[in-house]
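Visitor: I'd like to learn how to read a model like this one. Could you walk me through a few features?

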Amino acid sequence: VATLSAAPHIRPLSELDISRIVAIDERLTGVYRPDVWERRVGYYLRRDPEASQVAEVGGSVVGFMLADLRGGEFGLEDTSGWIERFGVDPDFQGRSVGRRLFDAVVGHLKERGATAVRTLVGNDDGDLAAFLRAVGFTNAPLTALELRLAPPPAAAGSAKR
Amino acid sequence: MNVDQTTLPKKYHDAVLHWQRHHFPDYDLLPQNWERYFPNEPDFCLCAKMELGMGDSIEVGEHQGEHRRETPAELGEEPARHLLAIIRAQASTEFGSIQQHEGTLARAPDDEDRFWVLRVMAEELRHGYQMLHLLVSQDWSGVSGQKAEEMVEEILSMQTGSHVLDAFNLEYDSFVDNVVFAAVIDRVGKYQLSMQRVCSYKPFAQSMPPMLREEAFHLAAGVIPLRRWAQRAAQGNPLITMAAIQRAFNKWLPRGLEMFGHEKGGDSNVRFGFKNMKNAEAQSLYYDECVRMVTDLNQRFLRARFPKLSPAESEATAARLLSERGRYEGVTSEDLVELPDRRFFRRKGEPAFTMVGTRGEPFDDVDAYVRHLAAHLPEPYLHSRDVKQYVEALRQVRAGQLTVEQAMKRMPALRRVGGVCPCSKAVRWVVERPDGAAA
């Protein structure tokens, strides 16, 4: 049984965290998708490695939060931090790991000049929404919209096969 | 995070661009392809970046708590001389790695990998530029005995074979070296930059955080392609094998370990407040981190080969294969990557010229050890001058014709010495030009 005898150590993301992030994601979603995380971690390390943080307990990563700083997107001219992905190993949930990660990420984003932190949450993800509200997020004056595109006919045909 | 950006005086800036045209001709491909491979990311800037807002107090060493020094004169002669050697070595590594990467860059099997390495090279150019900034923005003549122009000239004249550290004097054999170098040798760079963050000389300390941020991607540019190659190897792609990756690790790791300096050294760095760890401590942490890296690669390989294995089963399988040298569903320990023993193929430091195999096995016979090297190093590298000279020195040491200390000093035997710019026998890298004249 995992124990949390000491506060998790929060530190910036590194390329050697990919395996543990893949493992945490696999535990949370049941899907093994290393290629997705290799791409995402590569992206965040290029942009600003200190904006994304991981939580370590006993030398093993038990949580991660991937974020970066942007400006001028969606007509939002202010410099804002965006939290794209985060996850906490189920064995370590409910122990403030997410809160500590969030504090570290927001601290860095503020230092870099962010005046807001933004993210998107699935309508069906009540736990995540509850966590985000608990750390201070409120409804934004924006609505997420999407338009589903049908695949090209050839691709659709091959998908059916 | 607040960073001040500055450019070198024109004659030095032009000298770096001149150097780039000769040694890094692919540089111009980067801006042309930036948006494709690095969309919405800030453009590359060839400039020196100084972190603002760092503490003013010396963090370690005999002057801990005092104000950080801001000029070489404030350091005192011995520490200034010592730091100058560190800055020169750092500059040499930055320019040296570009020369190495350039040789095999075009052989990258994937364009994305190629442009990642290209970005790494550009950022190494910026790091070299940063070191030149440290050299020319202050007066080091009291300890260098050289004018700033002469120091820059000397650094820009180094070539593969005449750099300060051995790792930068080896040619790459294939694009596998580009990637393994980024994963193994750039990792030493990360350790050095992290240790130097505490430096009692403020301009050097201020140079570290921006370089470290860029270095994080350099390591990813090594590890992520390696992970993908491990997957392809597991899926039966005959063009990339775990054996090729293993041999490249065997080539580079010994040089990486030696970049920390002699295992018994590092006292002066800590005493002067230049670094916060001695050599052996940093080297040990580095080795452990490399162990983690290859453990991850093996997991990537096994999960790709056996998708039904759970993470725990995969870890147990790798551990069993490596400890028992057994077989699992056609996979053997030879299909996995293992970090060579830290004494393997060493020519500097405590284990220099001891004959220890990849798994720590001792050898008594030179010929048997040379056969062991031949079986575990990349085949094209075996035919290099570097291996030949190592073997010759080893034979002399074992025959009692050379002491280990003498042999260490011989390595590397400088193959090429620096000279003038190759576009003219008379033109030097650093030249005064009237404003507006083409470099």
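**Strands, turns and an interface**

Guide: Let's start with a single rung of a ladder: A:Gly71 has A:Thr79 as its bridge partner in S4(A). Keep in mind that this is a predicted model.

Visitor: Which strands does that rung belong to, and in what sense do they pair?

Guide: Bridges add up to a pairing, and here S3(A) runs antiparallel to strand S4 (residues 76–88) of chain A over 10 bridges. In the hairpin of these strands, two residues sit between them, and A:Phe74 has a positive phi near 55 degrees.

Visitor: What pairs with S3(A) over five bridges?

Guide: That's strand S2 (residues 53–57) of chain A, again in the antiparallel sense. One of the rungs joins A:Glu56 to A:Val61 in S3(A). The S2(A)–S3(A) hairpin also has two residues between its strands, with A:Gly58 at a positive phi near 60 degrees.

Visitor: How many residues of S3(A) are buried?

Guide: For burial, go residue by residue along the strand. In S3(A), which spans residues 60–73, 10 of the 14 residues are buried, so to speak mostly covered.

Visitor: Why look twice at a positive phi?

Guide: Because most residues other than glycine have a negative phi. Here A:Ser96 is not a glycine, yet its phi is positive, about 70 degrees. You'll find A:Ser96 in the loop between S4 and helix H3 (97–111) of chain A. Chain B offers B:Phe353, also a non-glycine residue with a positive phi, near 60 degrees. B:Phe353 sits in the loop between strand S4 (331–332) and helix H14 (366–376) of chain B.

Visitor: Is B:Phe353 buried or exposed, and why?

Guide: B:Phe353 counts as buried because its relative accessibility is 1%. A:Ser96, at 40%, counts as partly exposed.

Visitor: Now the interface. How many residues of each chain are in contact?

Guide: Begin with the residue counts, then the area. Chain B brings 27 residues into contact with 23 of chain A. About 2300 Å² is buried between the chains, with carbon and sulfur atoms giving 48% of that.

Visitor: How many salt bridges are there between chain B and chain A?

Guide: Nine. One to pull up in your viewer is between the side chains of A:Glu50 and B:Arg213, at 2.9 Å from N to O. There are also 11 residue pairs in polar contact between the chains.

Visitor: Which helix gives the most to chain B's side?

Guide: H9(B), with nine residues. By class, that side of chain B has 13 nonpolar, one polar and 13 charged residues.

Note on methods. Residues numbered from 1 in each chain as written. Chains lettered and ligands numbered in written order. Predicted model: local features only at pLDDT ≥ 70, side-chain atom pairs only at ≥ 80, totals over all residues. Heavy atoms only, no water. Contact = heavy atoms within 4.5 Å. Buried area = accessible area lost by both parts, 1.4 Å probe. Salt bridge = Lys/Arg side-chain N within 4 Å of Asp/Glu carboxyl O. Polar contact = N/O pair within 3.5 Å; in protein donor to acceptor, adjacent residues only side chain to side chain. Helix = DSSP H or I, 4+ residues; strand = E, 2+ residues; numbered from the N terminus. Nonpolar A, V, L, I, M, F, W, Y, C, P; charged D, E, K, R; others polar. Buried < 20%, exposed > 50% of the residue type's maximum accessible area, 1.4 Å probe, protein only. Pairing = 2+ DSSP bridges.
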